[in-house]
Amino acid sequence: MNADQLPVGSAPALSKPDAAPTLRIRALMLGDRINASGLELGPLVSSTPAAFRVHAGLAVVFRYGVVVLIGLLPSEEKVLIDSLKPRVIGELSPYEEEIAHAQLCKDESTEAIQPGGPIYLAKFSDDRLLLVADALAKSTSLARDERRVAAVFDVIEPFARKLAERGRTPRRRKSILQLIGNALLVQQRVAGRVAVAEKPDVLWEKPELDRLYGRLEDEYELKERLETLERKLTAVSATANALTDIIDTQRSLRLEIAVVVLIVIEVVIGCIQILSGIH
């Protein structure tokens, strides 16, 4: 075995003895962020993202709240997750999770990702596993954001339907502002911390692995899902802004009417006083 290859002897058995060695890869989104500063889980494999050799596998920690566990036993995963909990900001319950399997193939020409099947790798090298971890972590984070945006759509739809059917807008301006806030949070997370469109740092040193990462992007539809999510975020922001504008206009109109009514009342009272003085 080469020095850059990950041992697989103690990984959970996932195939028959005569089958190619297989690794279980589990991505967990623990929260909004993970503070990896000063983190030590084992021998350091990579600093960006923070990756450590743990027992016979790897643990890759992403600052946007995802940890990817490669080739670890369930008991080892639990211990590691418990050790990370104090560093998690905005812990989720339950965790967002995705699982994949990597399997050895003959050579680089046969590396492929089967739809819904294993990820075939020429070898379990750290570079290749970091690419898989990056793609799986982004997919897990996108799944969480997609769910949040879908929930926002579920709230906006009744507002839009009431406006279309009755010509009335919701009076709860606070709820609309909260929707805008949720959309902005997801937008900031996708564009800033997760950076789905950016390629992992390992490709700067190993450009020959770009084709493998391209296959991973296609398998998990990262670019397509990102574009869809951005379109939905734009629609949410536009709808919420339109509703708040309408509500503000209606409030301004009511205020103007109230001012006019007060002026009329004042004029009437003045006229009565004048008439009373005459008599």
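1. Salt bridges, overall. In this predicted model, a search of the whole structure turns up 12 salt bridges. Three pairs and one network are described in the points that follow.

2. Glu 146 and Arg 225. These two residues form a salt bridge, and their closest N and O atoms are 3.0 Å apart. The pair joins distant parts of the chain: Glu 146 belongs to helix 2 (residues 126-166) and Arg 225 to helix 6 (residues 222-278), with the two positions 79 residues apart in sequence. The partners differ in their surroundings. Glu 146 has a relative accessible area of 28% and is partly exposed, whereas Arg 225, at 15%, is buried. The cut-off for buried is under 20%, so Arg 225 falls below it.

3. Lys 199 and Asp 210. Here the side chains meet in a salt bridge with an N to O distance of 2.8 Å. Lys 199 sits in the loop between helix 3 (173-194) and helix 4 (202-205), while Asp 210 is in helix 5 (residues 210-220), so the salt bridge ties together parts of the chain that are 11 residues apart in sequence. Both ends are partly exposed: Lys 199 has a relative accessible area of 44%, and Asp 210 one of 32%.

4. Lys 223 and Glu 217. The side chains of this pair meet in a salt bridge at 4.0 Å, N to O. The cut-off is within 4 Å, so the stated distance stands at the limit. Lys 223 is partly exposed, with a relative accessible area of 48%. Glu 217, by contrast, counts as buried, at 7% relative accessibility.

5. A network of four residues. Salt bridges also link Arg 24, Arg 26, Glu 77 and Glu 97 in a network. Arg 24 and Arg 26 fall within strand 1 (residues 22-34), while Glu 77 falls within helix 1 (residues 74-84) and Glu 97 within strand 6 (88-104).

6. Order of the elements. The chain holds six helices and eight strands. Read from the N terminus, the elements run β-β-β-β-β-α-β-β-β-α-α-α-α-α.

7. The sheet. Eight strands form an open sheet with mixed pairing, in the order 2-3-4-5-1-6-8-7. Its edges are strand 2 (44-46) and strand 7 (112-113), each of which pairs on one side only. In general, the strands of a sheet pair through backbone hydrogen bonds, in either a parallel or an antiparallel sense.

8. Strand 4. How much of strand 4 (residues 57-62) is buried? Six of its six residues are, and the strand is mostly covered. Gly 57, Ala 59 and Val 61 point one way, Leu 58, Val 60 and Phe 62 the other, and the residues of both sets are buried.

9. Neighbours of strand 4. On one side, strand 3 (residues 50-54) pairs with strand 4 in the antiparallel sense over five bridges, and Val 54 stands opposite Gly 57. The hairpin of these strands has two residues between them, and His 55 there takes a positive phi near 55 degrees. Strand 5 (residues 66-70) also pairs with strand 4 in the antiparallel sense over five bridges, with Val 68 as the bridge partner of Val 60. This second hairpin has three residues between its strands, and Gly 65 takes a positive phi near 100 degrees.

10. Strand 1 and helix 1. Strand 1 (residues 22-34) pairs with strand 5 in the antiparallel sense over five bridges. Within this pairing, Ile 25 stands opposite Ile 70. Helix 1 (residues 74-84) packs on the sheet and touches strand 1, strand 3, strand 4, strand 5 and strand 6 (88-104). The direction of helix 1 makes about 15 degrees with that of strand 1.

11. Helix 2. With 41 residues at 1.5 Å a residue, helix 2 should span 60 Å, and this agrees with its end C-alpha atoms, which are 60 Å apart. There is nevertheless a kink of about 25 degrees at Ile 156, shortly before the proline Pro 158.

12. The chain as a whole. Of the 279 residues in the chain, 41% are buried. Among contacts with a separation of 6 or more, 69% are between residues 24 or more positions apart.

Conventions. Residues are numbered from 1 along each chain as its sequence is written. This is a predicted model: local features need pLDDT of at least 70, side-chain atom pairs count only at pLDDT 80 or more; totals for chains, interfaces and linings use all residues. Side-chain values use heavy atoms; hydrogens and water are left out. Helices (H or I, at least four residues) and strands (E, at least two) are DSSP runs, numbered from the N terminus. Buried means under 20% relative accessible area, exposed over 50%, partly exposed in between (1.4 Å probe, protein chains only). Two strands pair if DSSP finds at least two bridges between them. The expected span of a helix is 1.5 Å times one less than its number of residues. The bend at a residue is the angle between axes fitted to the seven residues ending there and the seven starting there. Contact means heavy atoms within 4.5 Å. Axes are lines fitted to C-alpha atoms, for helices over the stretch in contact, and angles run from 0 to 180 degrees between N-to-C directions.
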